[in-house]
Amino acid sequence: MTYKTVKVEKGRGGWGIPLLITPVPGKDKISSITGGGINPVAQKIAELSGGTAIDGFRHPVADGEVACAVIDCGGTCRLGILPSKNILTININGGGPSGPFAKFIKEGLYVSGVRVENVSLAEKQTGGEK
């Protein structure tokens, strides 16, 4: 079985260019850091990609194991901390770069306003082996 590449696009009122997420062995966790279990966006990314959705609050993993993180930050903390670590970050809230971490919130690394309907299989697959 292989991993698949998933495209995540900004949603209504969102910011950023589409992210392409391809889990690889050892870096296949879809970390949901939303405070309410596994967010439906994280679950859809995991289902389509073959990655593993986890509740990042209850079961944190090392940064190096995270293929992407789904957050619900309307402020500035998680919004910029994860991109500062080069972790692909999907915010279910809208909004673009702001606050003290704004310099880390870059297109190709961060997208916002994401809903389940903004997640799909990418046309070109670059998936690796499980």
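In this predicted model, strand 3 (residues 29–33) and strand 5 (residues 66–71) run parallel and are joined by five bridges. Within that pairing, Ser 31 of strand 3 stands opposite Ala 69 of strand 5. Strand 3 also runs parallel to strand 4 (residues 52–55), to which four bridges join it, and here the bridge partner of Ser 31 is Ile 54. To get from strand 3 to strand 4 the chain passes through helix 1 (residues 40–49), in a β-α-β crossover that is right-handed. A further position in the pairing with strand 4 is that of Lys 29, which stands opposite Thr 52. Strand 3 is mostly covered, with four of its five residues buried.

**Ser 32 and Val 70**

One residue of strand 3 that can be followed in detail is Ser 32, which counts as buried because its relative accessibility is 0%, where the cut-off for buried is under 20%. A polar atom of the Ser 32 side chain lies 3.3 Å from the backbone oxygen of Gly 37. Leaving aside residues up to four places away in sequence, Ser 32 touches Gly 37, Ile 38, Asn 39, Ala 42, Ile 54, Asp 55, Gly 56, Phe 57 and Val 70.

The last of these contacts, Val 70, lies in strand 5 and likewise counts as buried, because its relative accessibility is 0%. With residues up to four places away in sequence again left out, the contacts of Val 70 include Ser 31, Ser 32, Ile 33 and Thr 34, and also Val 41, Ala 42 and Ile 45. Ile 90 and Ile 92 are also among the residues that Val 70 touches. The C-alpha atom of Val 70 is separated by 9.0 Å from that of Ile 38, although these two residues are 32 residues apart along the chain.

**Helix 1 and its ends**

Which residues of helix 1 are buried? They are Val 41, Ala 42, Ile 45, Ala 46 and Ser 49, and because they cover an arc of only 135 degrees around the axis, they are on the same side of helix 1. Pro 40 and Glu 47, by contrast, are exposed on the other side of the helix. The N-terminal end of helix 1 is capped by Asn 39, a side-chain oxygen of which lies 2.8 Å from the backbone nitrogen of Val 41. Just after the helix, Gly 50 takes a positive phi of about 90 degrees.

**The nonpolar cores**

The largest nonpolar core has 20 residues, among which Val 8, Ile 21, Val 41, Ile 45 and Ile 90 touch the most other members. At least two residues of this core come from each of strand 1 (6–8), strand 2 (19–21), helix 1 and strand 5, and helix 1 gives the most, with four residues. The contacts of Val 8, not counting residues up to four places away in sequence, include Ile 17, Pro 18, Leu 19, Ile 21, Ile 45 and Ile 90, together with Val 111, Val 114, Asn 118 and Val 119. Separate from this core is a second one of seven residues, including Val 66, Ala 69, Cys 73 and Ile 87.

**Loop residues and a summary of accessibility**

Asn 86 lies in the loop between helix 2 (77–84) and strand 6 (89–91), and its phi is near 60 degrees, which is a positive value in a residue other than glycine. Most residues other than glycine have a negative phi. Asn 86 counts as exposed because its relative accessibility is 58%, and the cut-off for exposed is over 50%.

Another loop residue, Lys 106, is placed between strand 6 and strand 7 (110–112); at 47% relative accessibility, Lys 106 counts as partly exposed. The C-alpha atoms of Lys 106 and Glu 123, which are 17 residues apart along the chain, are separated by 23 Å.

The relative accessibility of the four residues discussed individually is set out below.

| Residue | Relative accessibility | Class |
|---|---|---|
| Ser 32 | 0% | buried |
| Val 70 | 0% | buried |
| Lys 106 | 47% | partly exposed |
| Asn 86 | 58% | exposed |

Methods. Residues numbered from 1 in each chain as written. Predicted model: local features only at pLDDT ≥ 70, side-chain atom pairs only at ≥ 80, totals over all residues. Heavy atoms only, no water. Buried < 20%, exposed > 50% of the residue type's maximum accessible area, 1.4 Å probe, protein only. Pairing = 2+ DSSP bridges. Right-handed = clockwise from strand over helix to strand, strands pointing away. Arc of directions from axis to C-beta. Polar contact = N/O pair within 3.5 Å; in protein donor to acceptor, adjacent residues only side chain to side chain. Core = buried A, V, L, I, M, F, W, Y, C linked by side-chain atoms within 4.5 Å. Contact = heavy atoms within 4.5 Å.
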